[in-house]
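This report describes how a protein surrounds its ligand. The sequence and the model appear below.

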Amino acid sequence: MSLADQLSLNGKSAIVTGSTSGIGHAIADCFAAAGANVTINGFGDAGEIETTRAAMADKHGVDIRYSPADMTKPDEIAAMVADAEAAHDGLDILVNNAGIQFVSPVEAFPIEKWNAILAIDLSAAFHSIRAAVPGMKKRGFGRIINTASAHALVASPFKAGYVSAKHGVGGLTKTVAVEVAEHGITVNAICPGYVWTPLVEKQIPDTAKARGITEEQVKRDVLLAAQPTKEFVTVDEIADLALFLTTPSARSITGTLISIDGGWTAA
Ligand code: NAD
């Protein structure tokens with residue numbers, strides 16, 4: 001089958017956590033455009049989320065459901081997976097994408113921020129994988145994609161919580177991949193460099209404060225300094241990579257941390 005033929009997700013079902021914004025929204029929209037029924041998730045204004053949900057369903061002619069599950073709450077995560085399985089006749093694709101960031105010198109890092117980052121950026125992926133794997137095993141097919149980060153591979157100062165959580169996502173990805181490898185399930189982590197989204201935009205003032213420089217200097221000398229292309233990655237590039245990972249041709253790609261970072265971690 002040609003790759004073009006494989007890119008159809010007709011009849012497949014997906015969950016994309018943290019898809020009310022940024023990278024997650026782009027992945028959810030890409031999967032819906034390819035024909036998948038998708039459960040979207042994340043925080044935001046209820047009216048705006050409903051407008052986005054209805055527009056995606058209408059535009060792509062698929063079923064789009066919204067789960068308000070809070071990724072800090074294991075029971076809500078399990079319920080999100082069970083609801084998606086019931087509504088869409090099983091779950092084929094799970095994208096663990098919800099994430100938060102906080103920037104601070106380690107000695108001043110608020111304990112509640114550390115706990116929240118570990119819960120949302122790492123533990124949530126464990127809880128959803130734990131809930132989704134039994135159904136995927138039964139069906140002999142699954143695609144689990146974790147949105148990690150270049151910070152799953154390398155560190156930056158002032159990001160103790162985020163770098164620790166994302167390195168943990170790398171370990172979780174590899175471990176589950178080898179556990180489920182004989183069940184038709186692949187587990188991979190996508191490791192973006194700097195992508196232009198609200199998460200990046202929000203951390204610019206704090207990074208400026210922590211380093212004592214201007215916001216323009218943060219963009220040019222801190223963020224894109226690490227990225228040899230000198231360009232932000234786009235959310236659509238990440239969505240297309242995720243779509244490729246769902247195809248039959250990607251069945252041997254598992255347990256891998258895939259960089260999409262403009263050369264950052266090669267430099
Ligand atoms: P974003 O802030 O635009 O989106 C984050 C999403 O997570 C939102 O939908 C938000 O509502 C959701 N979310 C936050 N807390 C939640 C919770 N408790 N429960 C449920 N949903 C919650 O951010 P983004 O840049 O699109 O980031 C998405 C993922 O990509 C994150 O895991 C992030 O670490 C990773 N990432 C981003 C970049 C980047 O440069 N933007 C780079 C590498 C990795």
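A polar contact is a pair of N or O atoms within 3.5 Å. The model is predicted, so to speak, throughout: local features need pLDDT of at least 70, side-chain atom pairs count only at pLDDT 80 or more, and totals for chains, interfaces and linings use all residues. Residues are numbered from 1 along each chain as its sequence is written, and side-chain values use heavy atoms, with hydrogens and water left out.

Three contacts of the ligand are listed here.

| Ligand atom | Protein partner | Distance |
|---|---|---|
| oxygen | N or O atom in the side chain of S21 | 2.6 Å |
| oxygen | polar backbone atom of V195 | 2.7 Å |
| oxygen | polar backbone atom of N97 | 2.8 Å |

Taken alone, the ligand exposes 830 Å², of which the protein buries 94% (Shrake-Rupley method, 1.4 Å probe).

The shell around the ligand holds 30 residues, each with a heavy atom within 4 Å of the ligand. The closest are T20, S21, Y162, V195 and T197. By class, the shell comprises 15 nonpolar, 13 polar and 2 charged residues; Asp, Glu, Lys and Arg count as charged, Ala, Val, Leu, Ile, Met, Phe, Trp, Tyr, Cys and Pro as nonpolar, and the others, Gly among them, as polar. Helices α2 (22–33), α6 (160–180) and α7 (198–211) each supply at least two shell residues, and α7 gives the most, with 3.

The protein has 9 helices and 7 strands, assigned as DSSP runs (helices H or I, at least four residues; strands E, at least two). Its C-alpha atoms fill a box of roughly 55 × 40 × 30 Å along the principal axes.

Definitions and conventions: A polar contact is a pair of N or O atoms within 3.5 Å; within protein, one must be able to donate a hydrogen and the other to accept it, and residues adjacent in sequence count only if both atoms are side-chain atoms.
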